[in-house]
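Let's take a walk through one sheet and see how its strands are put together. Please have the model open and follow along.

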Amino acid sequence: MSKISDGKFGERAACIYLSTKGYEVLERNWHCRYGEIDIVARKNNRLVFVEVKMRSQSDVMEFQDLVGASKLGKLRSSIDMYLYSKQLCTAEWRLDGVYVIRDPEKLHFRHFQGLLED
C-alpha cells in the first residue's frame, strides 16, 4: 500500500472505530491554509478533532512523541479556522489522536484524548 492509500484506509478505520464509541463523524479531511484535520466528530455536545496515524505493531510510540510542537501548532490553527468558518467559536472542543495499528490478524486502536483542549 502507498503511504496515501494507507493513510486513507487508517482514516476510514478510525471513523468506524469512533462511531462504535459513540462519536458522530461530521467531516473528514477538512482543509484550510494551515493544513488538514483528518476527522471532525462530536460526542456529548463537544467537537472532537482527530489526528489519525496508521502504524504497524512494532513502531507504536506515544502519540505526543509523533506529533511535535510544530504539528500541534498547525492543528491548533486549523481548528481555530474550522471553528471560525463554521461560526462555532464558542463551542467546546478537544484534539484527540488515534493510532490504527495493524497486526497480521486484525486492527487495533489506541485513542489518546485531550492532546489540546479549549
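## Around strand β4

β4 and β5 run antiparallel to each other and are held in register by eight bridges. This comes from a predicted model, so please read the pairings below in that light. The link between β4 and β5 is a hairpin of four residues. Within this pairing, R94 has E117 of β5 standing opposite.

On the other side of the story is β3: residues 46–56 form this strand, and its pairing with β4 (residues 93–102) is parallel, over 10 bridges. Two positions help to find the match by eye: V48 stands opposite R94 of β4, and V50 has D96 of β4 as its bridge partner. R94 thus turns up in both pairings, opposite V48 and opposite E117.

Here are the two pairings of β4 in brief.

| Pair | Sense | Bridges |
|---|---|---|
| β3 and β4 | parallel | 10 bridges |
| β4 and β5 | antiparallel | eight bridges |

How many of the residues of β4 are buried? Nine of the 10 are, so β4 is largely enclosed by the rest of the structure; buried here means under 20% relative accessible area.

## The whole sheet

Now step back to the full set of strands. The sheet is open, has five strands in the order β1-β2-β3-β4-β5, and its pairing is mixed. At its edges lie β1 (24–32) and β5 (107–117), each of which pairs on one side only. On average, neighbouring strands of this sheet are turned by 30° against each other, with direction ignored.

Methods
Residues numbered from 1 in each chain as written. Predicted model: local features only at pLDDT ≥ 70, side-chain atom pairs only at ≥ 80, totals over all residues. Heavy atoms only, no water. Pairing = 2+ DSSP bridges. Axes fitted to C-alpha atoms, helices over the stretch in contact; angles between N-to-C directions. Buried < 20%, exposed > 50% of the residue type's maximum accessible area, 1.4 Å probe, protein only.
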